[in-house]
Amino acid sequence: MYKIFLVEDEQNLNQIVASYLEKEGWAVQSFYDGVSAIQAIASRPHLWILDIMLPDIDGYQLLRTIKEETPSVPVIFISARDADLDRIIGLELGSDDYLAKPFLPRELVIRTHRILERVYRMAGEKPTVSLNPYILDEEKRVVLNGEEQIEITSKEFDLAAFFARHRGQALSREQIINHVWGEDYVGTDRSVDDLVRRLRKKLPELRVETIYGFGYRMTGK
């Protein structure tokens with residue numbers, strides 16, 4: 001699973017963009033200032049999406065630091081200022097793409113797809129996520145425990161991947177239903193409990209705790 005770091009101080013825009021990116025199956029971590037983003041550089045996401053206008057430090061400075069410490073990690077640069085000047089400076093500092101505000105979130109998704117495909121798929125990297133001791137191969141949609149492939153249904157895989165993308169987050173039964181079955185699902189919450197029970201049986205080392213009266217949360221690494 002690709003990990004994307006989104007740096008945007010406008011809370012509403014940050015949430016909207018993060019929602020669009022997460023719908024593509026990517027793990028998104030949001031930052032609302034430059035200092036916290038700098039502290040996360042060592043975590044090496046697959047991609048940064050970076051707004052130049054930040055409340056504490058200059059976006060150029062953040063881009064420069066990202067490229068100095070992790071030169072192979074791609075960056076999409078966003079700005080509402082002088083489009084031509086920002087585009088030139090951003091590209092000179094090493095950004096991989098530029099998008100001027102206002103923009104359609106779907107356009108950002110398309111550009112993100114293209115960069116991830118070019119940088120990682122072409123290099124042979126497969127999108128996988130670790131659910132210690134299991135590995136989810138999102139390209140083949142299989143679960144591995146070492147060399148062993150565990151038989152798992154499509155919905156069980158979707159649930160495991162959903163937990164992985166929201167590790168440590170409390171997820172309501174309604175959120176799980178909307179993701180696994182879709183918003184038009186007309187069944188009951190019991191379907192979620194049954195699916196979690198089956199997943200726990202097939203992946204007994206998976207750390208999923210029950211939040212009574214609400215839903216579930218995956219813990220651990």
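Helix 8 (residues 190–202) packs through its buried residues against helix 6 (154–165), helix 7 (173–180), strand 11 and strand 12 in this predicted model. The buried residues are Ser191, Val192, Asp193, Leu195, Val196 and Leu199. In an α-helix there are 3.6 residues a turn, so residues three or four places apart point the same way. The length of helix 8 was also checked against its residue count. Helix 8 holds 13 residues, and at 1.5 Å a residue the expected span is 18 Å. The C-alpha atoms at its ends lie 19 Å apart, which agrees.

Two of the packing partners of helix 8 are strand 11 and strand 12. Both strands belong to an open sheet of three strands. The order in this sheet is 10-12-11, and the pairing is antiparallel. Strand 10 (171–172) and strand 11 (208–211) form the edges, each pairing on one side only. Strand 12 covers residues 215–218. Two bridges connect strand 10 to strand 12 in the antiparallel sense. Ser172 has Gly215 of strand 12 as its bridge partner.

A second site of interest is Glu8. This residue sits in the loop between strand 1 (3–7) and helix 1 (11–23). Glu8 has a relative accessibility of 3%. Buried means under 20%, so Glu8 counts as buried. Two polar partners were found for its side chain. The side chain of Glu8 reaches the backbone nitrogen of Glu10 at 2.9 Å. The Glu8 side chain also makes a polar contact of 3.0 Å with the side chain of Lys101. Lys101 appears again among the residues in contact with Glu8 once neighbours within four places in sequence are set aside. The others in that set are Leu13, Asn14, Phe31, Tyr32 and Asp51.

The protein as a whole comprises 221 residues. Its secondary structure consists of eight helices and 12 strands. Buried residues account for 45% of the chain. Contacts between residues at least 6 apart in sequence were also examined. Of these, 55% join residues at least 24 apart. The exposed surface of the protein is about 11600 Å². Carbon and sulfur atoms supply 48% of that area.

Note on methods
Residues are numbered from 1 along each chain as its sequence is written. This is a predicted model: local features need pLDDT of at least 70, side-chain atom pairs count only at pLDDT 80 or more; totals for chains, interfaces and linings use all residues. Side-chain values use heavy atoms; hydrogens and water are left out. Helices (H or I, at least four residues) and strands (E, at least two) are DSSP runs, numbered from the N terminus. Buried means under 20% relative accessible area, exposed over 50%, partly exposed in between (1.4 Å probe, protein chains only). A polar contact is a pair of N or O atoms within 3.5 Å; within protein, one must be able to donate a hydrogen and the other to accept it, and residues adjacent in sequence count only if both atoms are side-chain atoms. Contact means heavy atoms within 4.5 Å. Accessible areas come from the Shrake-Rupley method with a 1.4 Å probe; for residues, only the protein chains shown count as cover. Two strands pair if DSSP finds at least two bridges between them. The expected span of a helix is 1.5 Å times one less than its number of residues.
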